[in-house]
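Please examine the sequence and the model shown below. The report that follows describes how its strands and helices are arranged.

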Amino acid sequence: LRKISYPEQLTELVDQLRRLPGIGPRSAERMALWLISGKPELARDIGSSILTARENLGHCPRCGFFITGESCRVCEETSRDLGLVCVVEHPTDVVAIERSGAFSGTYHCLGGRIAPLDHIGPEELRIEPLLKRVEEQEVREVVLALSSDVEGEATANYLREILIARQVTVTRPAQGLPAGGGLDNADEVTLSRAMAGRTPFS
Ligand SMILES: [Zn+2]
């Protein structure tokens with residue numbers, strides 16, 4: 001007797017779903033079975049949303065925030081203070097700070113932080129475009145709103161050195177941001193206070 005297991009297409013679907021972040025074998029199997037058991041529209045809608053988002057969304061070449069097509073909603077806004085730039089790790093951090101309503105400058109998303117164990121050095125991050133902006137935009141203050149864990153601190157220290165050498169005032173949000181979890185874990189009031197009470201980083 002041959003042992004019967006899942007059909008190949010189902011195993012393939014489980015394998016693909018397992019590639020998603022935070023999805024283990026059991027969850028992937030549950031998701032796959034749910035997708036093939038529901039109405040056909042369900043799988044089609046989810047599949048087409050994934051493709052549409054992937055094909056139409058990108059990152060702004062200037063600030064690194066999400067863009068659709070050519071336009072970046074942050075860079076388009078002319079009323080923002082161009083001399084004030086808040087550096088964050090990910091575009092989702094921009095959304096978190098915007099929600100707090102406490103910042104009227106522009107943003108710069110690094111795309112991560114310096115993490116030697118994961119082979120992420122300064123060259124892997126969007127640091128060159130930041131320095132270009134500092135020159136072109138006559139930036140007077142850069143707020144480093146990075147995670148408060150070891151890697152976030154290392155990234156902040158690295159940036160402080162090269163920014164201070166360019167005569168830019170470097171500040172950071174007031175203490176009270178969560179360690180390592182990203183800014184989207186902080187509540188609006190905490191973020192608002194942290195951004196309003198930013199302190200010199202020297
Ligand atoms: Zn932009």
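## The strand pair β3 and β4

Which residue of β4 does D81 stand opposite? The residue opposite D81 is G105 of β4. This pairing belongs to a predicted model, in which β3 and β4 run in the parallel sense and are joined over five bridges. Between these two strands the chain passes through helix α5, residues 91-100, and the resulting β-α-β crossover is right-handed.

Is β4 largely enclosed or largely open to its surroundings? Because five of the five residues of β4 are buried, the strand is largely enclosed by the rest of the structure.

## The sheet as a whole

Strands β3 and β4 belong to an open sheet of five strands, with the order β4-β3-β5-β6-β7 and mixed pairing. At its edges lie β4, residues 105-109, and β7, residues 199-200, each of which pairs on one side only.

Following the order given above, one may now consider the remaining pairs. Strand β3, residues 81-88, also pairs with β5, residues 141-144, in the parallel sense over four bridges. Here V85 stands opposite V142 of β5. Strand β5 in turn runs parallel to β6, residues 169-172, and three bridges join the two. V142 has V170 as its bridge partner in β6. The chain travels from β5 to β6 through helix α7, residues 150-164, in a β-α-β crossover that is right-handed.

The pairing of β6 with β7 is antiparallel and comprises two bridges. In this pair, T171 is matched with P200, its bridge partner in β7.

A general point helps in reading such a sheet: in a regular strand, side chains alternate between the two faces of the sheet.

## Helix α6 and residue V134

Helix α6 also deserves attention. V134 is found in this helix. Is V134 buried or exposed? The relative accessible area of V134 is 7%, and a residue counts as buried when this value is under 20%, so V134 is buried.

Which residues does V134 touch, leaving aside those up to four places away in sequence? With that exclusion, V134 touches V139, V142, L163 and V168. V142 is also the residue that stands opposite V85 and that has V170 as a bridge partner. In addition, V134 and R166 are 32 residues apart in sequence, while their C-alpha atoms are 8.3 Å apart in space.

Key
Residues are numbered from 1 along each chain as its sequence is written. This is a predicted model: local features need pLDDT of at least 70, side-chain atom pairs count only at pLDDT 80 or more; totals for chains, interfaces and linings use all residues. Side-chain values use heavy atoms; hydrogens and water are left out. Two strands pair if DSSP finds at least two bridges between them. A crossover is right-handed if, with the strands pointing away from the viewer, the path from the first strand over the helix to the second runs clockwise. Buried means under 20% relative accessible area, exposed over 50%, partly exposed in between (1.4 Å probe, protein chains only). Contact means heavy atoms within 4.5 Å.
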